[in-house]
Structure formats: C-alpha cells, structure tokens
Amino acid sequence: MTMKKALTIAGSDTSGGAGIQADLKTFQELGVFGMTALTVIVAQDPHNSWFHEVFPIELNTLEKQLETVLSGIGVDAVKTGMLGTTELIELAAKKIDQYQLKNVVVDPVLVCKGADEVLHPENADSLREVLVPRATVVTPNLFEAGQLSQMGALKTVEDMKEAAKRIHDKGAKYVLVKGGGKLAHEKAVDVLYDGETFDILEAERFDTTFTHGAGCTYSAAICAELAKGQSVRDAVYVAKEFITEAIRHSFQLNEYVGPTHHGAYRQLKK
C-alpha cells in the first residue's frame, strides 16, 4: 500500500487543539501520513488566564528537521503554520524552492487565537513578500487577510473578495479568505479565488466559542486532500465539510478553551 505523505511546518500547541497536533490529527483522519518540522513551542499559563507563551525553535534545529523529511523521505504536500520570525519564514521559502515542493498550503498565522494585533509586523511583511508568492493556496482568516492585503479590517464578503484579489496579486495561485465567526453573516462564509473566479463557500454557522485550532485544521485538511491528488477546489470543498463537522462537534477542554473535534468528519461518513 502506498501512503501519501504530508509535512507540516508549524508550532506545537501544548494543549493539543491547534498547531502540529491539529495538523497530525487531521492528516490521520483523512488517510495521509503526517510528518512535522517544529518552528515554535506554545505553552499556556493556567495561572494567568491561559496566557500564551511562545518559544521559538533555533533556525538550525528547524533546518535539520526539514532536511530529515525533505531529503530523507519526500512529501506529496506541505503546509506552513506559525512561523514566529522572518528568519523562519525565509528558511521555509528557501526549502520550498530547493526541493521544488508542490501542493504548498500557507496558513499565514500571525497571532494566537484571541489576539487582534500583530506583535511583529515584519512577519506579516515577510509572509506577504516571501512566502505567499510560493503558495499553491494561502488560507488567511479575516484578520490575516486584512494584514496581507493591507486593507485593515474586513467586514463584508465584498471586502473578502477585494482582499483575495490583492493577495493573489502577490503570487499565490489560490486564495481562501475565511469569514469564520468574525463576519457578520448568517452563514459561515469563505471566499476562494483563483485569479479569475470567486467561489463562495457557505456552511452552517454555530454559536460556539469552541473553535480552538479551527484554522490549522482547515488548512491541514486542504493539505491532506492535495497530497491525495485532489484539485485545489475539490480539496477546499472537502476541507470545508471537514471543519464544519469538527466545529459542530467541538467541546470544552477547560474553563479557557474548547477545540474542534477532528474525528467528527469520519463519523459522519460512516
């Protein structure tokens, strides 16, 4: 049996709901063998309102991890998540070029969930100019799309379309702008743009705050489907269904956070 392989270049979420933990769970659920290259370790402080502390991995350590996978094994698709410094972003871009990687999903993580201010604006600039041009598909949420497009706050579907255009102009083949729970709409709306056509993806919207790791999970599902040979459009539609079910069956983990349920899609398909 030939198993398709996917690599996630992302941070470790100690609480298990986001980052590489979410990516690996999603890969597994969709029948893809997952591998990792850690960029940062994120810990949460239970004694200080779940404050997120971010510990970057040394550049040389990340490069050794990437060489293990890319030179030693090979991949069918790759996704990036939290890249905490411009140096990490540039290294990821360098390896994408060096190994001529296909099926590159860029999830442009700028802040941990709940924050709405980029602490390091240079990372947004580097993502926009260095990594986005190498993306098969880039998957920003409303806040990230506003930063990458330099439009600021996005409030309507028309705003999302304009942001998608501007991000596409930077070189990404496809742009998926995710409305999530921040868009004032009765549905959960995302906009997919390929440079010519807009696809509007709508799904049931849930009144829940238990969405920890939703962005990571969504982009990981796209990555897994691309690894299996799906087109970008088909991969996004599967991923939309995957994340919808994951949020529908999300649950409370403690008084601060509730993650999506990565096994919900598989149970739906039984």
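**Close-up 1. Asn 103, a partly exposed loop residue in a predicted model.** Asn 103 has 22% relative accessibility. That value counts as partly exposed because the class runs between the 20% limit for buried and the 50% limit for exposed. The residue belongs to the loop that joins α3 (86-98) and β5 (104-106). Its backbone deserves a look too. Most residues other than glycine have a negative phi. Asn 103 is not a glycine, yet its phi is positive, near 55°.

**Close-up 2. Gln 150, a second non-glycine residue with positive phi.** Here phi is about 60°. Where does Gln 150 lie? It sits in the loop between α5 (142-149) and α6 (157-168). Is Gln 150 buried or exposed? Gln 150 is exposed, with a relative accessible area of 58%.

**Close-up 3. Trp 50 and Tyr 256, a stacked aromatic pair.** The model holds 3 aromatic pairs. In one of them, the rings of Trp 50 and Tyr 256 lie 5.5 Å apart, centre to centre. Their planes are 10° apart. This pair counts as stacked because the angle is under 30 degrees. Trp 50 comes from the loop between β2 (33-45) and β3 (51-56). Tyr 256 comes from the loop between α8 (232-248) and α9 (264-269). The pair therefore ties together parts that are 206 residues apart in sequence. The two partners differ in exposure class: Trp 50 is buried, with a relative accessible area of 16%, whereas Tyr 256 is partly exposed, at 34%.

**Close-up 4. Tyr 193 and Phe 198, another stacked pair, with Lys 161 over the face of Phe 198.** What are the distance and the angle in the pair of Tyr 193 and Phe 198? The ring centres are 4.4 Å apart. The planes meet at 20°. Tyr 193 is buried, with a relative accessible area of 8%. Phe 198 is partly exposed, at 25% relative accessibility. Phe 198 has a further neighbour in this view. Lys 161 lies over the face of Phe 198, at 5.4 Å from the ring centre.

**Close-up 5. Asn 123 and its contact with Gly 84.** Asn 123 is part of helix α4 (residues 121-131). Its relative accessible area is 9%. Asn 123 is therefore buried, as the limit is under 20%. Which atom does its side chain reach? The side chain of Asn 123 reaches the backbone oxygen of Gly 84, at 2.9 Å.

**Close-up 6. A nonpolar surface patch made by Met 1, Met 3 and Phe 33.** The patch covers about 390 Å². One of its members, Met 1, is found in the segment before β1 (5-13). Met 1 is exposed, with a relative accessible area of 92%.

**Close-up 7. Thr 61 in helix α2 (residues 59-70).** Thr 61 is partly exposed. Its relative accessible area is 36%. The view also takes in Thr 14, which is 47 residues away along the chain. How far apart are the C-alpha atoms of Thr 61 and Thr 14? They are separated by 19 Å.

Definitions and conventions. Residues are numbered from 1 along each chain as its sequence is written. This is a predicted model: local features need pLDDT of at least 70, side-chain atom pairs count only at pLDDT 80 or more; totals for chains, interfaces and linings use all residues. Side-chain values use heavy atoms; hydrogens and water are left out. Helices (H or I, at least four residues) and strands (E, at least two) are DSSP runs, numbered from the N terminus. Buried means under 20% relative accessible area, exposed over 50%, partly exposed in between (1.4 Å probe, protein chains only). Rings of Phe, Tyr and Trp (its six-membered ring) pair if their centres lie within 6.5 Å; planes under 30 degrees apart count as stacked, over 60 as edge-to-face and the rest as tilted. A charge sits over a ring if NZ of Lys or CZ of Arg is within 6 Å of the ring centre and within 35 degrees of the ring normal. Patches are made of residues with over 30% relative accessible area and no salt bridge: like charges are joined within 9 Å, nonpolar side chains (Val, Leu, Ile, Met, Phe, Trp, Tyr) within 5 Å. Accessible areas come from the Shrake-Rupley method with a 1.4 Å probe; for residues, only the protein chains shown count as cover. A salt bridge is a side-chain nitrogen of Lys or Arg within 4 Å of a carboxyl oxygen of Asp or Glu. A polar contact is a pair of N or O atoms within 3.5 Å; within protein, one must be able to donate a hydrogen and the other to accept it, and residues adjacent in sequence count only if both atoms are side-chain atoms.
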